Amino acid sequence: MNKLNRRLLDLNGQDSPAITSEVYYDPDTNETIVDYKTGGITCPSIKLTSAQAKVFSGYSLVRKDLKFCIKLLKLALDYARKYFPEGSQSFVRDEFDTEADILKSLYISLVVTYGKCFTQAKGRKVKLELSEMFKKEDTVLKELHLELMEQRHQYVAHAGVTLHEKAQAILVLHPAQNAGIPPVLTTIAQHTSTMDVEYYEQCLKLIEHVDKKVCQIVTSKGEVLKKSVFAETSLEQLYAKART
């Protein structure tokens, strides 16, 4: 099994300098195993399985997705500034265009991952609600959010009605009717490969806004969960349970 040392972060994303985590992945069981240590000594730990704990864990997964979206956008911005700095609209590129294909992959990954945060998931059992993320005055951010969700539903996740892709059947005729060359049936198939730099910057503002809201939810749910645990179980009982 491969081992990776990671920092242990609290609910506010701050380091816990006294404790680190060692993460293992077991390919045979597809399970991630985490040992918490301080000074080389393993720390006792308890897996919380209450309904409150599952909700807290679900929102933590949502936050992980949003952090991934921020990474994607920063990478897409670097790439767009380097290869497509001149545009102010969506690009439709040639079929073989490595830079555009990479940006398209980043963009699709962004739309899918962001959209997942607002759609029902059987595993995590929580999803973000529009009313929780945007106030009445957040008009611009809300409109961009709705646009990304529309792209998720109509362009990326499903083949719906969208301006981001189109195809047209074309019958091409030879200029000379008597040349004996039969008509050629072909198609014009186009799809949006990437957006411009300004659009990515707007998306980054949107997702940082949503991430900040979710961070507040995770912190709040975590504090309630800790209070609930300590209300039902003493510290001595927790240590005894962790050692069994």
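In which helix does Thr219 lie? Thr219 lies in helix 5, with helices (H or I, at least four residues) and strands (E, at least two) taken as DSSP runs numbered from the N terminus.

Before I continue, a word on the basis. This is a predicted model, in which local features need pLDDT of at least 70, side-chain atom pairs count only at pLDDT 80 or more, and totals for chains, interfaces and linings use all residues. Residues are numbered from 1 along each chain as its sequence is written, and side-chain values use heavy atoms, with hydrogens and water left out.

Thr219 counts as buried because its relative accessibility is 18%; buried means under 20% relative accessible area, exposed over 50%, and partly exposed in between (1.4 Å probe, protein chains only). The Thr219 side chain reaches the backbone oxygen of Cys215 at 2.9 Å.

Helix 5 also leads us to the interior. The largest nonpolar core, a set of buried Ala, Val, Leu, Ile, Met, Phe, Trp, Tyr and Cys residues joined through side-chain atoms within 4.5 Å, has 45 residues. Among those with the most contacts inside this core are Leu66, Tyr114 and Val210. At least two core residues come from each of helix 1 (51-83), helix 2 (98-116), helix 4 (139-156) and helix 5 (197-232), and helix 5 gives the largest share, 13 residues.

Turning to the surface, Leu185 is in strand 6 (residues 184-191). Leu185 counts as exposed because its relative accessibility is 67%.

Finally, the whole chain: six helices and six strands, arranged along the sequence as β-β-β-β-α-α-α-α-β-β-α-α. Of its 244 residues, 32% count as buried.

Technical notes: A polar contact is a pair of N or O atoms within 3.5 Å; within protein, one must be able to donate a hydrogen and the other to accept it, and residues adjacent in sequence count only if both atoms are side-chain atoms.
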